[in-house]
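Trainee: Please take a close look at the charged side-chain pairs in this model. Then go on from there to the strands and the cysteines.

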Amino acid sequence: MNNRQLTGMLVKRGIISLPELKSLEELSFESGESIKDILFKENRLNENQLVDILSEQYNVPRIDLSEIEIQPEVIALLNAQIALRYNVIPISRIGNVLTVAMSDPSNMNAQDDIKFLTDYSIEIVVASSSDIDAAIEKYYGAKALQEQESKKHADLTLDMEALIKEMDNVEIREVNPDFDEGSSSLEETLKDSEEAPVVRLVHMILLDAIKKKASDIHVEPYEVGFRVRFRMDGVLYDVLHPPRKMMDAIIARFKVMANLDIAEKRVPQDGRIKIKLGKNEDMDFRVSVCPVIFGEKVVLRLLDKSNLQLDMTKLGFFPDQLEIFKEAIYKPYGMMLVTGPTGSGKTTTLYSALSDLNKDDVNISTAEDPVEYNLEGINQVAIHEQVGLNFAAALRSFLRQDPDIIMVGEIRDYETGEIAVKAALTGHMVLSTLHTNDAPSTVTRLINMGIESFLVTSSVNCIMAQRLGRKVCYNCKEPIDVPKSELLKLGIKEEQIKDGYQIYQGKGCEICNGTGYKGRIAFYEVMKMTDPLKEAILNGSSSMELKALAIQLGMKTMRMSANLRLLEGVTSIAEVLRNTAPDE
């Protein structure tokens, strides 16, 4: 429930008055705390009142768990980990309907997971968080609550004392931008951004992101709050809620460090921050600032070259997939296409291919938007649309530079696609990316762009789709019971499920920051452009028909690849469902 819904219900119930509402909103704005937390702290709102409000708002009955006895066979339907994670407990089952008590009836992720794991329809009732905790302890045992406490204190928040000790070893390279000396508010903002607490807090955020191996930092302003989130292994986690009054100074500090104009708050800006850890280790951050309705949102992408995996054998390919991929990129000419959503690892896959191809006797040129990592021996061009340097212009230039291998960051339009196809047909190896859901639909996308089907079949050697799934933490992984029927639902074949199969899940530890996952692995779908596929494309087959034919010819779909990793104990059922679609 958002703040406006809650305050409306609080006023309606007479818990607060309209005159009080304004002062509460101001206090919430200043402190960064929600109105609910403030009222709890002041003992003006209790759990019973909150349960009544949730019951009325979501039109679900409330229940007093202390007055009912839950049968053991009902408790057995849901494991303790799920109960703890979502603060829920099953209370009864009638036929195919399982009634579950929740402290947050708006949590659709919890409801979806419970439906999948139990294979029952779900009916929701609401109970207080403390009542559910007591029920979990009663029915699942004290060990469950101990696990809950360890998860509550998992290292997902900034450890200020430890980080302060490390700050002496961090050197920040900064360049101040030009700014308007005549603006008093601008001078004040700049002054605030250079205050020691702000500088130290920003440095600690950057250092903590590096320690936790985050890939992105999100600094987000809202109407009554301000938060910092880290993306770790592809998932965002809350790590800090600084006071709302520090927002302008913190954002200005990031902009100063990235050499951006702190006076300009109306248009997006992009820059870079470089920091030095100790004497030898450098770290780059790509900074993007975008105006939003309550200020400016800052997103920083960590570019850690030491973590760049360029060994193709360690990316997640199965041996047969790697053989097809290497065969395609080592052909003297043609096109290799990698497809997938933003953040699916396409750039890493292409960099690993370029690293393998990078020899003294070849000329490699790349056009990227932006250049993420500098690769020794490769000519990299950064796209600059404002001056007319787009992918098509860069490609034309490359063809006059005596290239052997060309990498185009993305084929976005007909012009870029046409030049890339011509380059592939005139003796060059071209590597590029597209945004499509799977490998077969890439063919349809190229044809819809306006490229003739006979040019697609003549130029494309191989198309590969990929997603990144989280790996179960090696330190805290533990076996879980999953019925064979659930594996069959995922698309795993009967003959693949051996007797004594075991599925794993991480329970959370210090190494994985309490998430149960550590590291990521790619799920690949590699479609070799064989003669039967070329013939089907020329005959106008749809992407679904192409997919069915490719599977007949031995292609592993992304779901198949993910299922094999699941059976190997590398990933979890949740990651298979999150990253791959079922095969039709």
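**Salt bridges and their surroundings**

Mentor: In this predicted model, Asp284 has a relative accessible area of 19% and is therefore buried, since the cut-off for that class is under 20%. Lys274, at 29%, falls on the other side of the cut-off and counts as partly exposed. These two side chains meet in a salt bridge, with 3.0 Å from N to O. Asp284 belongs to strand S9 (residues 281-292) and Lys274 to strand S8 (residues 269-277), so the bridge ties together parts that are 10 residues apart in sequence.

Another pair is Asp208 with Lys212, whose side chains form a salt bridge at 2.6 Å, N to O. Here both partners, Asp208 and Lys212, are buried.

A third pair is Asp369 and Arg412, where the closest N and O atoms of the salt bridge are 3.1 Å apart. Both residues sit in loops: Asp369 in the one between strand S12 (364-368) and strand S13 (379-382), Arg412 in the one between strand S14 (405-408) and helix H17 (414-425), so parts 43 residues apart in sequence are tied together. Asp369 is partly exposed, at 38% relative accessibility, and Arg412 is partly exposed as well, at 37%.

Salt bridges also occur as a network, in which Glu220, Arg227, Arg229, Asp238 and Lys297 are linked. The total count of salt bridges is 26.

The strands that flank those two loops lead on to a sheet. S12, S13 and S14 are among the 7 strands of an open sheet with mixed pairing, arranged as S13-S12-S14-S15-S11-S16-S19. S13 and strand S19 (517-528) each have a single partner strand, so each edge strand has one side without a neighbour in the sheet. On average, neighbouring strands here are turned by 20 degrees against each other, direction ignored. Within this order, strand S11 (residues 334-339) and strand S15 (residues 429-434) are joined by 6 bridges and pair in the parallel sense. Opposite Thr339 stands Leu434 in S15.

There is also an open sheet of 3 strands in the order S1-S2-S3, again with mixed pairing. Strand S1 (88-94) and strand S3 (121-126) are its edge strands, pairing on one side only. Its neighbouring strands are turned by 30 degrees on average, direction ignored. S1 and strand S2 (residues 97-102) run antiparallel and are joined by 6 bridges. Val88 has Met102 in S2 as its bridge partner. Against this sheet packs helix H8 (residues 129-140), which touches S1 and S2 and makes an angle of about 70 degrees with the direction of S1.

That leaves the cysteines. The count of disulfides is 0. Cys512 shows how this comes about: the nearest cysteine sulfur, that of Cys509, is 3.7 Å away, and Cys512 is in no disulfide, because a disulfide requires the two sulfur atoms to be within 2.5 Å. Cys512 is buried, having a relative accessible area of 3%. Cys462 has a relative accessible area of 0% and is buried too.

To return to the starting point, the Asp284 and Lys274 side chains meet at 3.0 Å, N to O, and the pair joins a strand S9 residue to a strand S8 residue. The Asp369 and Arg412 bridge instead joins one loop to another.

Note on methods: Residues are numbered from 1 along each chain as its sequence is written. This is a predicted model: local features need pLDDT of at least 70, side-chain atom pairs count only at pLDDT 80 or more; totals for chains, interfaces and linings use all residues. Side-chain values use heavy atoms; hydrogens and water are left out. Buried means under 20% relative accessible area, exposed over 50%, partly exposed in between (1.4 Å probe, protein chains only). Two strands pair if DSSP finds at least two bridges between them. Helices (H or I, at least four residues) and strands (E, at least two) are DSSP runs, numbered from the N terminus. Axes are lines fitted to C-alpha atoms, for helices over the stretch in contact, and angles run from 0 to 180 degrees between N-to-C directions. Contact means heavy atoms within 4.5 Å. A salt bridge is a side-chain nitrogen of Lys or Arg within 4 Å of a carboxyl oxygen of Asp or Glu.
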